[in-house]
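Please find below some notes on the model under review. They take up the nonpolar cores, one serine, one helix, the salt bridges and the cysteines, in that order.

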Amino acid sequence: MFRFACRNLCSRPVRSALALLGLTVAIVGMVGLFSVAAGIQATVDKTFGRIPGLIAMQPGAPIPLFSKIPAEWAEEIETMPGVRTVCREFWSRAQLIEGKPTFSPPRFLFGADVERAGRLKIAVYRDDLVAGRFFTAADQGEPVCVISRLIAEEHRKQLGDTLRVDGYELTIIGIYETNSLWVDVAIVVPNETARVIARHDPAWLSAMYIEPDGSVPNEELVDRLRDR
């Protein structure tokens, strides 16, 4: 049987070579896909592993950008046992930066809850500042922003410069860097400013970031949120 197989392969070398090439491409492709998937999973775990809280958003929404939930829910959740702080979040896509479309790579406008962000023990954008400062109460509703070093270098901007986003001039007061392509895509602005730029109804939020106080296990807190 082995001799017959070898004789058959040698009798049609072109066919044998093409079959071998097809198998090689398929195997290399599968290995490559698994490697990319593992790399993405590792990046996601590394990024979101730093965030100890919970994200509440619309059921079925893959990311906060596509989520829409009533803002009034935040007040109810804040009264739940085990909840330390609830930050209201608003996300939208920045369509134009400096007059140029942001199709690839995409850039996002993140409306931060200035009032409650200061209460967080861990806040990614605030804690990863490499220049300037984060928002204070005086910045609510003001045309100011905190951007990633990646965005700053892309548009050759520095502290004190203005960044034009969807026709609005924003003064850069801070620059952050997380070294994560999943996070360094956001232009962070006060919630009120984000709503003005995106013409967003204040009665709705994209998501809520819930920071537990540690008195209730996260699993139990998730169950309570689902019941609400």
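1. Main core. The largest nonpolar core has 18 residues, and those touching the most other members are Phe110, Tyr125, Phe134, Phe135, Val146, Ala186 and Val188. A nonpolar core is here a set of buried Ala, Val, Leu, Ile, Met, Phe, Trp, Tyr and Cys residues joined through side-chain atoms within 4.5 Å. Buried means under 20% relative accessible area, exposed over 50%, and partly exposed in between (1.4 Å probe, protein chains only). At least two residues of this core come from each of S6, helix H4 (114–117), helix H5 (124–127), strand S8 (144–148), S10 and S11; the most, three residues, come from S6. Helices (H or I, at least four residues) and strands (E, at least two) are DSSP runs, numbered from the N terminus. In soluble globular proteins, nonpolar side chains tend to be buried together.

2. Basis of the values. The model is predicted, so local features need pLDDT of at least 70 and side-chain atom pairs count only at pLDDT 80 or more, whereas totals for chains, interfaces and linings use all residues. Residues are numbered from 1 along each chain as its sequence is written, and side-chain values use heavy atoms, with hydrogens and water left out.

3. Valine 146 and a further core. Leaving aside residues up to four places away in sequence, valine 146 touches Leu129, Arg133, Phe134, Phe135, Ile173, Gly174, Ile175, Tyr176, Ala186, Ile187 and Val188; contact means heavy atoms within 4.5 Å. Apart from the core described above lies another, of 17 residues, including Val165, Leu170, Val189 and Ile197.

4. Serine 148. This residue lies in strand S8 and is buried, at 0% relative accessible area. What does the side chain of serine 148 reach at 3.0 Å? The partner is the backbone oxygen of aspartate 184. Serine 148 also touches Ile175, Tyr176 and Ala186, among residues more than four places away in sequence.

5. Helix H7. In H7 (residues 191–198), Asn191, Thr193, Ala194, Arg195 and Ile197 are buried. These buried residues pack against strands S3 (83–93), S6 (108–112), S9 (162–165), S10 (168–176), S11 (186–190) and S12 (204–205). Just after H7, arginine 199 has a positive phi of about 55 degrees.

6. Salt bridges. The count is 11, a salt bridge being a side-chain nitrogen of Lys or Arg within 4 Å of a carboxyl oxygen of Asp or Glu. One of them joins lysine 157 and glutamate 98 (3.6 Å, N to O). Lysine 157 is in the loop between helix H6 (149–154) and S9, and glutamate 98 in the loop between strands S4 (96–97) and S5 (100–101), so the pair ties together parts 59 residues apart in sequence. Another joins arginine 107 and glutamate 154 at 2.9 Å, N to O. This pair links distant parts of the chain, with arginine 107 in the loop between S5 and S6 and glutamate 154 in helix H6, 47 residues apart. Arginine 107 is buried at 4%, whereas glutamate 154 is partly exposed at 42%.

7. A further pair and a network. Aspartate 127 and arginine 126 form a salt bridge, with their closest N and O atoms 3.0 Å apart. Shared salt-bridge partners join Glu78, Arg88, Asp113, Glu115, Arg116 and Arg119 into one network.

8. Cysteines. The structure holds zero disulfides, a disulfide being a pair of cysteine sulfur atoms within 2.5 Å. Cysteine 87 is buried at 5% relative accessibility, and cysteine 145 is buried at 0%.

Note on methods: A polar contact is a pair of N or O atoms within 3.5 Å; within protein, one must be able to donate a hydrogen and the other to accept it, and residues adjacent in sequence count only if both atoms are side-chain atoms.
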